[in-house]
Protein chains: 2
Amino acid sequence: MNIDVGTRLRSIRTAFGISQRELARRAGVTNGLISLIEQNRVSPSVSSLKKVLDGVPMSLAEFFTLDLAAAPQAFFGAEELVELGNEEVSLRLVAAQRPGRQMSVLHERYAPGAATGEEMLAHRGEEAGVVIRGRIELTVSGSTRALGPGEAYYFASQLPHRFRNAGREPCEIISACTPPTF
Amino acid sequence: MNIDVGTRLRSIRTAFGISQRELARRAGVTNGLISLIEQNRVSPSVSSLKKVLDGVPMSLAEFFTLDLAAAPQAFFGAEELVELGNEEVSLRLVAAQRPGRQMSVLHERYAPGAATGEEMLAHRGEEAGVVIRGRIELTVSGSTRALGPGEAYYFASQLPHRFRNAGREPCEIISACTPPTF
DNA sequence: ATGAGGCGTTTAATATATTAGACAATGGGA
DNA sequence: TCCCATTGTCTAATATATTAAACGCCTCAT
């Protein structure tokens, strides 16, 4: 469940070919601590871990970013896009059934007055789009703006956001999000 | 000297519009701890910090990668899209300057007769789009199809592909690709 | 006014991370 | 072989993170 800080640190240290004591000396901590961390017997404080990584040197960001580990359909008619929305908010997905898709591209249509809930989803990721017709009122992290044709947005999906068509005509948007939510 | 975990966490929490108690509840820690962390009165253990971020949710990697400098721009006027193409093929990129962008969303416009070269890029990745005006003749891996408004495409970037506007009116497309080529 | 419930902060008690120092095992060099 | 240095591990003492519960400050409905 927890991040395996221990083996991560150990593999880094050994990759650099230095001993626990040497790393401890450079980092200004004790060798025992390094040992305990590498065995996952303790969960180091951020400040300790930073001191240790400074001895390598390596940033916390780098440390946690480290990773240890038939021709699909290309063309889609308008009617082949899969409808995921409802009467008010139509969401038509491109390449819905494509396995291992890396993003979701949608043709969205908001009826006048339609709105999405104040979503704050569990997903990481980003979403972006361009308005092609009508106007949409978009709220992201508390700030709101109305966007018209040719205008666009781009934000991190986990920020609270809401789309609302405050106008009288339908609003259409082409949007993309990655990794695919739909 | 130390990473400012506190203000980082606070800015994230407030950006998500939730209280210390709410975050604590989701994370399974106490609100007091969140308070102390945000004031930098303690340096949380990695396991605690992970629990807290799970409540957002956000990974440790994302947390430490986060650029605290400024909330990235979420809204873009039509003229704020950055032009990457030429007279014949206009490619206007959303959120061009956004650091660490995970995709490229483009508003493309092909003049009558305009075409892209037969591209076959080194990148892995995928691209997709929806035609919003005019017609485009798209060739992917040897097969060709003309797409009109509301029609769409989705293919792996490394496949040889070519866009050509064989019609008399300009053609507009909203497209997305990941990882970002532009 | 007033009480209820939200907020962030603080404090004493407790759990845990960290240190200092000792331990056994390994591998040269005299 | 013996010694000495170096390795990673372990344990008791200590420093620090974390909890539980209270505080004071707000706002809002009664």
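**Exercise 1.** Of the atoms of DNA strand C within 4 Å of the protein, what percentage belongs to sugar or phosphate, and what do the rest belong to?

*Solution.* The model is predicted, so local features need pLDDT of at least 70 and side-chain atom pairs pLDDT 80 or more, while totals for chains, interfaces and linings use all residues. Residues are numbered from 1 along each chain as its sequence is written, chains are lettered from A and ligands numbered from 1 in the order written, and side-chain values use heavy atoms, without hydrogens and water.

Step 1. Sugar or phosphate accounts for 66% of these atoms of DNA strand C, and bases for the rest.

Step 2. A residue counts as near the strand if one of its heavy atoms lies within 4 Å of it. DNA strand C is surrounded by 20 residues, the closest being Ser45(A), Ser48(A), Arg21(B), Gln39(B) and Arg41(B).

Step 3. By class, these residues are five nonpolar, ten polar and five charged. Here Ala, Val, Leu, Ile, Met, Phe, Trp, Tyr, Cys and Pro are nonpolar, Asp, Glu, Lys and Arg are charged, and the others, Gly among them, are polar.

**Exercise 2.** Find side chains that lie beside phosphate oxygens of DNA strand C, and the helix that gives the most to the surface.

*Solution.* Step 1. A polar contact is a pair of N or O atoms within 3.5 Å; within protein, one must be able to donate a hydrogen and the other to accept it, and residues adjacent in sequence count only if both atoms are side-chain atoms.

Step 2. A polar side-chain atom lies 2.7 Å from a phosphate oxygen of the strand in Ser45(A), 2.8 Å in Ser19(B) and 2.9 Å in Gln20(B).

Step 3. Helices are DSSP runs (H or I, at least four residues) and strands are E runs of at least two, numbered from the N terminus. With three residues, α3(B) gives the most to the surface near DNA strand C.

**Exercise 3.** Describe the interface of chain A and chain B.

*Solution.* Step 1. Contact (heavy atoms within 4.5 Å) involves 64 residues from chain A and 64 residues from chain B.

Step 2. The buried area, meaning the accessible area (1.4 Å probe) that two parts lose on being put together, summed over both, is about 5100 Å², and carbon and sulfur atoms give 67% of this. On the side of chain A, Phe75(A), Met103(A) and Tyr154(A) lose the most area, together 16% of what that side buries.

Step 3. The rule finds zero salt bridges across the interface, a salt bridge being a side-chain nitrogen of Lys or Arg within 4 Å of a carboxyl oxygen of Asp or Glu. Eight residue pairs are in polar contact, both residues at pLDDT 80 or more.
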